[in-house]
Amino acid sequence: MQLVAAACKLLDVKPEVVLRQFGEYFFDFCKRSGYDHMLRTLGGNLFEFIENLDALHSYLALSYKEMNAPSFRAERNGDGTMFLHYYSDRRGLCQIVPGIIEAVAKDFFNSEITMEIVNQIEELERTGKKEHVVFLVTQKPTFSNVMCSNKLSQTPPCLPKGPRRNAMHWNPNKEMFTSIIGKLLRGFEPVYPKNLCIDLKTFCNAFPFHIVFDKELMVRQAGVNVQKIVPGLQTMSIHLDQYFSIVHPEVTFTISSIRKFINSHFVLQTRRDMMPEAWRDRPMLELRGQMLWMESLQCMLYQASPLLRSLHELEERSMHISDIAPHDVTRDLILLNQQRLAEMELSNQLERKKEELRHLSQHLEEERTKTENLLYAMLPKHVANQLKEGKRVEAGEFKECTILFSDVVTFTNICSECEPIQIVNMLNSMYLKFDRLTTVHTVYKVETIGDAYMVVGGVPIPVSSHAERVANFALGMVIAAREVINPITGGPIQIRVGVHSGPVLAGVVGEKMPRYCLFGDTVNTASRMESHGLPNKIHLSPSVYLVLKDKGFMIQERGEIDVKGKGRMSTYFLEGNLTATEHEIMGRSVKEADSGRASVQSARDCNTEAALYRPGKQGSPVCLPLNY
């Protein structure tokens, strides 16, 4: 209403103008929203359309649970006009109705009508006050109206005027005769028999759930099955509201209220305190049907059926299909709904199986990922993929690579004096740190044997920076080893590192536990560099020195030494990297760098003469003290 008031202020028009315009738009909106066909089939004329609006709202309420629709009732007048009764819980919106109904008359029935309010009151019902507005609906005179005298409640076209003839000799064409007779029957009032040609027992058996009651709600007649379920109805002097309550529509149980909403579907529910003892623990019976006012008898006929949706609801009330009349579509609805429920259950089972399969598939994918990660930890990824596909992995020659070996100083003595579990814990702590560094510097871990650790750069994926990567990895190994405790001394362990560059042959050996192995003299030389090295030193061969000497690394010449199987060799010690900080070498974040770990402290203890700064970059370079 605030929106309407704002529109009226802006447009300088009255509220009823805005509401009527909204009514016209709402009708067009409903048609465009998919309700056009449903609305067109409500009735053959405007009177029938209005009479069935409540039934449409009852159907829509099944989908829109919170829907609180108004109610409509039409009354014919002798002069061709009609009264439209409008009931609503929402006051002030009645002017929407003329907008809707006039649009319906024009679009569906090609009629021009006018609507004016002749009465407007508030009535107290069960849910509170309802606005009751009465509209006078008048059809505007048009040329077709004058020619055909078409009333609001007439649907067929008018017959052409002419002299009256005997129906049998009017036209020899049988088809035309049948067509005209059909139009005549649809255009005139139906013919009723003088006497009702059905006896009382047959009627009560044919409509087993009907109830007839008078203005005082006294039961005058009831179907056989509703008597069987509610035995109190066999006493014809009882009042209907003693045994039933109105569930829908929410109105008081009086004849006047029922007649106001007579176009609605009425749902009555039995009262628990008036039911037989056997029904006390069962769900109450609900009847759904229509009210028909019989003016000549001054009585109301309630023609209803049990409101049941499934066989389960039928069994809960100890009822059977035979209790429902054969002509009643409730039988078909229950059976069809039971079939639908069975299909839904099957669909739900399929959905549950589908969900289980999805979880299993997800779990399988997780396990597959774990398996692949484990496989990729043992073999290079492209090699592992070839083996998974059943392909043979051919050995490959790499002309340039850098190999590193490391071992723990005095490892034999440590093993002889410690428990096996202490050795396992020490090696596990060390290898976890080394493994992380392989990811930081993108080098390939070949294998570990005891305390020996072997990595290679440039294999299995050739890269030109293989020597720099392995050199940085070696610097990180020495730093990381300071954090591994010697179980005998309680201090940091000491490691020896040897590095050599050269060509190798790489391939997969074995089928039971396939391994990616390196072969060639380069492997032997790298191993000799490690075995002839010194504690906490990175021992370089001449080939590695030639690659690293101009790459910003601090290298100290060791001189010529005797190398087993190689003779005299000039070797070197790698002391640090002048172009990278310790935190970069270790792959640590700034927060980790400030966490007070031992490696940071060791970096501060670097020999100040060897600690050179890289221009334009904060932090000290990685440097290994010249004397340990």
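**Strand 14**

I started with strand 14, which pairs with strand 16 (residues 537-540) in the parallel sense over four bridges. For me, two strands pair if DSSP finds at least two bridges between them; strands (E, at least two residues) and helices (H or I, at least four) are DSSP runs, numbered from the N terminus. In this parallel pair I found V499 opposite L540 of strand 16.

A note on what I'm looking at: this is a predicted model, where local features need pLDDT of at least 70 and side-chain atom pairs count only at pLDDT 80 or more, while totals for chains, interfaces and linings use all residues. Residues are numbered from 1 along each chain as its sequence is written, and side-chain values use heavy atoms, with hydrogens and water left out.

Next I looked up the antiparallel partners of strand 14. Strand 11 (residues 396-408) pairs with strand 14 over eleven bridges, and G396 sits opposite A506 there. Strand 15 (residues 515-519) pairs with strand 14 over five bridges, also antiparallel, with G507 facing C517. Strands 14 and 15 make a hairpin with five residues between them, and G510 in the turn has a positive phi of about 90°.

Is strand 14 mostly covered or mostly open? It is mostly covered: eleven of the 15 residues in strand 14 (residues 495-509) are buried. Buried is under 20% relative accessible area, exposed is over 50%, and partly exposed is in between (1.4 Å probe, protein chains only).

**Cysteines**

I counted disulfides, taking a pair of cysteine sulfur atoms within 2.5 Å as one. The count came to zero. I also checked the cover on two cysteines: C94 has a relative accessible area of 5%, so I put it down as buried. C401 is buried too, at 0%.

**Two open sheets**

The six-strand sheet is open, with antiparallel pairing and the order 6-5-10-9-8-7. Why do strand 6 (219-222) and strand 7 (244-248) each have a side without a neighbour in the sheet? They stand at the edges with a single partner strand each, so one side of each is left free of a neighbour. The twist from one strand to the next averages 30°; axes are lines fitted to C-alpha atoms, for helices over the stretch in contact, and angles run from 0 to 180 degrees between N-to-C directions. Strand 7 is joined to strand 8 (residues 266-270) by four antiparallel bridges, and I noted S245 opposite Q269.

The four-strand sheet is open as well, antiparallel, in the order 1-2-4-3. Strand 1 (71-76) and strand 3 (113-125) are its edge strands, each pairing on one side only. Neighbouring strands here are turned by 20° on average, direction ignored. Twelve bridges join strand 3 to strand 4 (residues 128-139), running antiparallel; L124 has K129 as its bridge partner.

**Second largest pocket**

I read off about 820 Å³ of space for the second largest pocket. Of its 28 lining residues, F26, C30, H57, M67 and I100 are the closest to the centre. A pocket, on a 1 Å grid over the protein atoms alone, is an open set of points where a 1.4 Å probe fits, with protein on both sides within 12 Å along at least five of seven lines; lining residues have an atom within 4 Å of a point.

Which element gives the most to this lining? Helix 2 does, with nine residues. The lining divides into 24 nonpolar residues, three polar and one charged.

Terms used
Grid points are joined across faces, edges and corners, and a volume is the space filled by probe spheres set on the points. Ala, Val, Leu, Ile, Met, Phe, Trp, Tyr, Cys and Pro count as nonpolar, Asp, Glu, Lys and Arg as charged, and the others, Gly among them, as polar.
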